[in-house]
Amino acid sequence: ADGTWTKPAGVTFVKVVVAVIVALGIQLAIRQYFGIEALTRESATVTTFLGVFGTIFAIIVGFILFISLNRFSALLNATYEEVSELGDVIDLSIYINNQLKAVQMILDRLHTYVRSILTEEWETMEKGEYGEKSSQAVGELIKSIDQIELEDPSDKVALSALINKMTSLTT
């Protein structure tokens, strides 16, 4: 929550401001080139031109906003899904009986994974690069889940569910 959520909207805002400045620049250039007297004599033509130009401009800006908001919504949904999966891993660890050390290791590795996403992965993705820290953290989390010993049916069900959660978490 350190400003990451506002960056897609901020980029869109910059694009819209640039488009408005370009439109105003074009309008100023037309006034300079033709002069205000010529524009007032041909007001019907100028009004039609500016109406069409304004409509096209509004459609383009609306399209840019629509695409940006859809991307933001998809990112938000993916984030919610991942947070839900992480919560499920925590919930499922409750069903591992008499293996406090294994459960603690899973929770510690899960914490390391979340910290790597929040502190490093977002910054790395913002630069257009691929971060390896979170992949390593997921690998360690998977290894910690592999430490669960199947002592009773509850452990078997929990291990199976944890493995399913890990596959959806890492994809």
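## Salt-bridge network

Glu85, Asp88 and Lys165 are joined in a network of salt bridges. The structure is a predicted model. Within the network, Lys165 pairs with Glu85, their closest N and O atoms lying 3.5 Å apart. This pair connects distant parts of the chain, with Lys165 in helix α5 and Glu85 in helix α2 (residues 43-93), 80 residues apart. Lys165 also meets Asp88 in a salt bridge, at 2.8 Å from N to O. Asp88 belongs to helix α2 and Lys165 to helix α5, so this pair ties together parts 77 residues apart in sequence.

The members of the network vary in accessibility: Glu85 is buried, at 16% relative accessible area, whereas Lys165 is partly exposed at 21% and Asp88 is partly exposed at 23%.

## Pairing between α3 and α4

The model has a count of 4 salt bridges. One of them joins the side chains of Arg109 and Glu140, at 3.5 Å from N to O. Arg109 lies in helix α3 (residues 100-126) and Glu140 in helix α4, so parts 31 residues apart in sequence are tied together. Arg109 is partly exposed, with 27% relative accessibility, and Glu140 is partly exposed at 33%.

## Packing of α4 and α5

The axes of helix α4 (residues 133-145) and α5 come within 11 Å and cross at roughly 170 degrees; the two helices are therefore roughly antiparallel. Val138, Leu141, Ile142 and Ile145 of α4 make the contact with Leu159, Leu162, Met166 and Leu169 of α5.

## Asp155

Asp155 is located in helix α5 (residues 153-169). Asp155 is buried but has no salt bridge, and the nearest side chain of opposite charge, Lys156, is 11 Å away. The Asp155 side chain instead reaches the backbone nitrogen of Asn97 at 2.9 Å. Beyond its neighbours within four places in sequence, Asp155 contacts Tyr95, Ile96, Asn97, Gln99, Glu149 and Leu150.

Methods. Residues numbered from 1 in each chain as written. Predicted model: local features only at pLDDT ≥ 70, side-chain atom pairs only at ≥ 80, totals over all residues. Heavy atoms only, no water. Helix = DSSP H or I, 4+ residues; strand = E, 2+ residues; numbered from the N terminus. Buried < 20%, exposed > 50% of the residue type's maximum accessible area, 1.4 Å probe, protein only. Lys, Arg positive; Asp, Glu negative; His and termini not counted. Polar contact = N/O pair within 3.5 Å; in protein donor to acceptor, adjacent residues only side chain to side chain. Contact = heavy atoms within 4.5 Å. Axes fitted to C-alpha atoms, helices over the stretch in contact; angles between N-to-C directions. Parallel < 35°, antiparallel > 145°, perpendicular 65-115°, else oblique.
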